[in-house]
Amino acid sequence: MKPTAVLLLHCQDKPGIISEVTKFITDNKGNIVYLDQYVDHEDGMFFMRIEWVLENFMIPKEKIHEYIETLYSQRYQMTFNLYFNEDKPRMAIFVSKMSHCLYDLLARYKAGEWNVEIPCIISNHEDLRYVAEQFDIPYYVWSIKKDHSNKAEVEAAEMELLEREKVTFIVLARYMQIISDEMIAKYPHHIINIHHSFLPAFIGAKPYHQAWERGVKIIGATSHYVTQDLDAGPIIEQDVMRVSHKDTPETLVLKGRDLEKIVLSRAVTKHIQRKILTYNNKTIIFS
């Protein structure tokens with residue numbers, strides 16, 4: 001891949017934003033390879049993702065952010081993020097005892113589907129160490145006591161590891177612990193979670209068994225960014241599957257796991273590709 005820059009931005013919708021930004025890129029000999037934009041007419045907000053090849057671009061890579069800040073951010077009261085495809089995201093995976101999402105993530109990683117690095121897997125149980133060893137990825141365990149008396153100590157150690165490994169985002173691959181407000185604040189809109197889509201109807205243990213008892217006809221999965229409001233962060237990806245009276249609790253669990261790993265991987269893919277923009281607890285997902 002040729003080196004490219006990716007600009008994600010949003011601001012109040014005004015005439016001329018697209019032409020101004022594209023002119024800035026083309027005037028400096030940048031070749032635009034992607035442009036997608038969206039206007040939220042309810043809020044009057046403009047959203048855009050634009051990517052261009054840096055080969056022959058006249059502005060040095062380390063100066064691009066400063067130019068955009070000076071020329072457009074102040075002028076349009078614009079919020080923006082600038083990324084470079086040469087800078088691989090570094091993903092930490094948190095797991096507990098269930099392996100289906102972890103295996104799917106690691107298989108895609110090893111198959112070269114993602115431009116990402118995975119420096120560590122973190123867990124509160126030893127159960128999945130063998131999976132990490134199969135993929136030759138360091139596995140760290142911090143057990144959390146039932147009364148959560150050591151949780152602050154555990155998260156401090158985890159945060160130290162994440163900082164040391166220069167982790168840029170976290171994936172909760174069926175990690176059965178609540179993330180603290182401190183860690184969420186450290187990685188805003190950079191912690192991705194997955195869960196079944198029965199919430200808030202079937203709360204607690206064995207949601208698929210509860211659904212079977214009610215005779216549900218559709219099951220689903222939701223992946224979202226983690227916020228301080230539990231399971232209510234900006235939704236990235238969802239999917240559903242029809243089921244019937246012929247299903248058993250066991251087949252519902254298996255089908256649900258398939259949905260969970262597919263939906264989670266789709267969300268991770270969009271994050272790695274820098275195609276997600278968050279605004280007011282919603283996501284704009286660029287194609």
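Ile17, Glu20 and Phe24 in helix α1 meet Tyr67, Ile68, Leu71, Tyr72, Arg75 and Tyr76 in helix α2, where contact means heavy atoms within 4.5 Å. These residues divide into seven nonpolar, no polar and two charged; here Ala, Val, Leu, Ile, Met, Phe, Trp, Tyr, Cys and Pro count as nonpolar, Asp, Glu, Lys and Arg as charged, and the others, Gly among them, as polar. The structure is a predicted model, in which local features need pLDDT of at least 70 and side-chain atom pairs count only at pLDDT 80 or more, while totals for chains, interfaces and linings use all residues. Residues are numbered from 1 along each chain as its sequence is written, and side-chain values use heavy atoms, with hydrogens and water left out.

Helix α1 spans residues 17–27 and helix α2 residues 64–76, and the two pack at an angle of about 175 degrees with their axes 12 Å apart. That makes α1 roughly antiparallel to α2. Angles under 35 degrees count as roughly parallel, over 145 as roughly antiparallel, 65 to 115 as roughly perpendicular and the rest as oblique. The axes are lines fitted to C-alpha atoms, for helices over the stretch in contact, and the angles run from 0 to 180 degrees between N-to-C directions. Helices (H or I, at least four residues) and strands (E, at least two) are DSSP runs, numbered from the N terminus.

Ahead of α1, Pro15 lies in the loop that joins β1 (4–12) to this helix. Pro15 is exposed, with a relative accessible area of 79%; buried means under 20%, exposed over 50%, and partly exposed in between (1.4 Å probe, protein chains only). Pro15 and Tyr279 are 264 residues apart in sequence, and their C-alpha atoms are 21 Å apart in space.

Turning to the interior, the largest nonpolar core has 39 residues, and those with the most contacts inside it are Met91, Ile93, Leu106, Ile121, Leu264 and Val268. Helix α8 (residues 249–272) gives the most to this core, with eight residues. A nonpolar core is a set of buried Ala, Val, Leu, Ile, Met, Phe, Trp, Tyr and Cys residues joined through side-chain atoms within 4.5 Å. Beyond residues up to four places away in sequence, Ile93 touches Leu102, Leu105, Leu106, Ile118, Cys120, Ile121, Ile122, Val171 and Ala173. Apart from this core lies another, of 24 residues, among them Cys11, Met48, Tyr72 and Tyr76.

Helix α8 itself has 24 residues and reaches 34 Å from its first C-alpha to its last, close to the 34 Å expected at 1.5 Å a residue; the expected span is 1.5 Å times one less than the number of residues. Within α8, Leu259 is buried, at a relative accessible area of 5%. With neighbours within four places in sequence left aside, Leu259 is in contact with Ile219, Gly220, Ala221, Asp239, Val240 and Met241. The C-alpha atoms of Leu259 and Tyr225 are separated by 18 Å, with these positions 34 residues apart along the chain. Arg274 follows α8 and has a positive phi, near 55 degrees.

Glu237 is part of strand β11. Its contacts, again leaving aside neighbours within four places in sequence, are Ala221, Thr222, Ser223, Val263, Arg266 and Ala267. Glu237 and Thr222 are 15 residues apart along the chain, and their C-alpha atoms are separated by 6.0 Å. The loop between β10 (218–225) and β11 (235–242) holds Asp229, which counts as exposed at 52% relative accessibility. From C-alpha to C-alpha, Asp229 and Asp181 are 9.5 Å apart in space, and they are 48 residues apart in sequence.

Two further loops deserve a look for their backbone angles. His148, in the loop between β7 (139–141) and α5 (151–164), has a phi near 60 degrees, a positive value in a residue other than glycine. His148 is partly exposed, with a relative accessible area of 40%. For Asn281, phi is likewise positive, near 60 degrees; this residue sits in the loop between β12 (276–279) and β13 (282–285) and is partly exposed at 42% relative accessibility.
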